[in-house]
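Student: Before we discuss the model, could you show it to me, so that I can ask how each term is justified?

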Amino acid sequence: MKCLFIVIAGVSERTLIAVKPDGVQRRLVGQIVQRFEQRGFKLVGMKLLQAREDILSQHYHDLHKKPFYPNLLRYMSSGPVVAMVWEGHNVVRTSRLMVGNTNPAEAYPGTIRGDYSVHISRNVIHASDSVEGAQREIHLWFDRRELVDWDCCDHSSSYQV
Ligand SMILES: Nc1ncnc2c1ncn2[C@@H]1O[C@H](COP(=O)(O)OP(=O)(O)OP(=O)(O)O)[C@@H](O)[C@H]1O
Ligand SMILES: O=c1ccn([C@@H]2O[C@H](COP(=O)(O)OP(=O)(O)O)[C@@H](O)[C@H]2O)c(=O)[nH]1
Ligand SMILES: [Mg+2]
């Protein structure tokens, strides 16, 4: 049988996903990683770190006037975070759908927030909300040398037609 494999254009889109301190403390890292792997995305960067305040204030710069901002920074500093870069077709949009609504009370069951959280101030996970935002956040959280380009023979980088 003749098989044709095509590489989907734009497959190298990347996004920043971070398991927040409550997710790490509740031992949810493995289940969250599994969801992204299962969906077919490729892990190209990953680290556990206690986020410094300067990173957090840049990361959430657009929220600095919000009343919950001090609590948000306290929350994000309350323990280590697992920061990851995932790559794949439409990964920014698809990961937002997988993560669910910011407010877990509004998040559908089946989404990460909808399955693992009940309150907006402990919503387990961060996902970049635009391609431009993802590029900014990846640059903020990761050194270029911490990201690994690797090839694979699986279905996520080529599709049989
Ligand atoms: N009204 C609120 N009360 C308490 N915390 C809030 C509130 N709104 C947002 N937050 C916190 O601030 C974070 C950033 O809000 P943002 O509007 O960027 O939501 P998001 O993009 O869904 O979350 P994130 O940027 O963490 O992925 C939320 O994830 C949540 O932890
Ligand atoms: O009313 C709010 C809105 C947001 N957040 C926190 O701020 C983060 C970033 O907010 P954003 O609007 O970027 O939502 P997200 O991108 O996380 O869905 C959220 O994840 C929450 O942790 C909060 O505590 N209260
Ligand atoms: Mg956000």
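Tutor: Let us begin with a definition: Ala, Val, Leu, Ile, Met, Phe, Trp, Tyr, Cys and Pro count as nonpolar, Asp, Glu, Lys and Arg as charged, and the others, Gly among them, as polar. Please keep in mind that this is a predicted model.

Student: What makes the shell around ligand 2 divide into nonpolar, polar and charged residues as it does?

Tutor: The shell of ligand 2 includes Tyr 60, Leu 63, Phe 68, Leu 72, Tyr 75 and Ile 120, and these count as nonpolar because Tyr, Leu, Phe and Ile are on the nonpolar list. Lys 20, Arg 96 and Arg 113 also surround ligand 2, and they count as charged because Lys and Arg are on that list. Thr 102, Ser 121 and Asn 123 belong to the shell as well, so that the division comes to six nonpolar, three polar and three charged residues.

Student: Why are the approaches of Arg 96, Thr 102 and Asn 123 to ligand 2 called polar contacts?

Tutor: A polar contact needs a pair of N or O atoms within 3.5 Å. An oxygen atom of ligand 2 lies 2.6 Å from a polar side-chain atom of Arg 96, 2.5 Å from an N or O atom in the side chain of Thr 102, and 2.8 Å from a polar side-chain atom of Asn 123, so each pair meets the cut-off. On its own, ligand 2 has 500 Å² of accessible area, of which the protein covers 80%.

Student: Which side chains make such contacts with ligand 1, and how do you know that they qualify?

Tutor: For ligand 1, an oxygen atom is 2.7 Å from an N or O atom in the side chain of Lys 20, one is 2.4 Å from such an atom of Thr 102, and one is 3.0 Å from a polar side-chain atom of Arg 113; these pairs therefore qualify under the limit of 3.5 Å. Ligand 1 taken alone exposes 580 Å², and the protein buries 78% of that.

Student: Where does ligand 1 sit, and what space does ligand 2 take?

Tutor: Ligand 1 sits in the largest pocket, and the space taken by ligand 2 is likewise described as the largest pocket.

Student: Why is Pro 21 called buried?

Tutor: Pro 21, which is found in helix H1 (residues 21-25), has a relative accessible area of 0%. Buried means under 20%, and Pro 21 is therefore buried.

Note on methods
Residues numbered from 1 in each chain as written. Chains lettered and ligands numbered in written order. Predicted model: local features only at pLDDT ≥ 70, side-chain atom pairs only at ≥ 80, totals over all residues. Heavy atoms only, no water. Polar contact = N/O pair within 3.5 Å; in protein donor to acceptor, adjacent residues only side chain to side chain. Areas by Shrake-Rupley, 256 points an atom, 1.4 Å probe, with all protein chains shown as cover. 1 Å grid on protein atoms, 1.4 Å probe; cavity = no way out; pocket = protein on both sides within 12 Å on 5 of 7 lines; lining within 4 Å. Sits in = over half its atoms within 2 Å of the grid points. Helix = DSSP H or I, 4+ residues; strand = E, 2+ residues; numbered from the N terminus. Buried < 20%, exposed > 50% of the residue type's maximum accessible area, 1.4 Å probe, protein only. Near = heavy atom within 4 Å.
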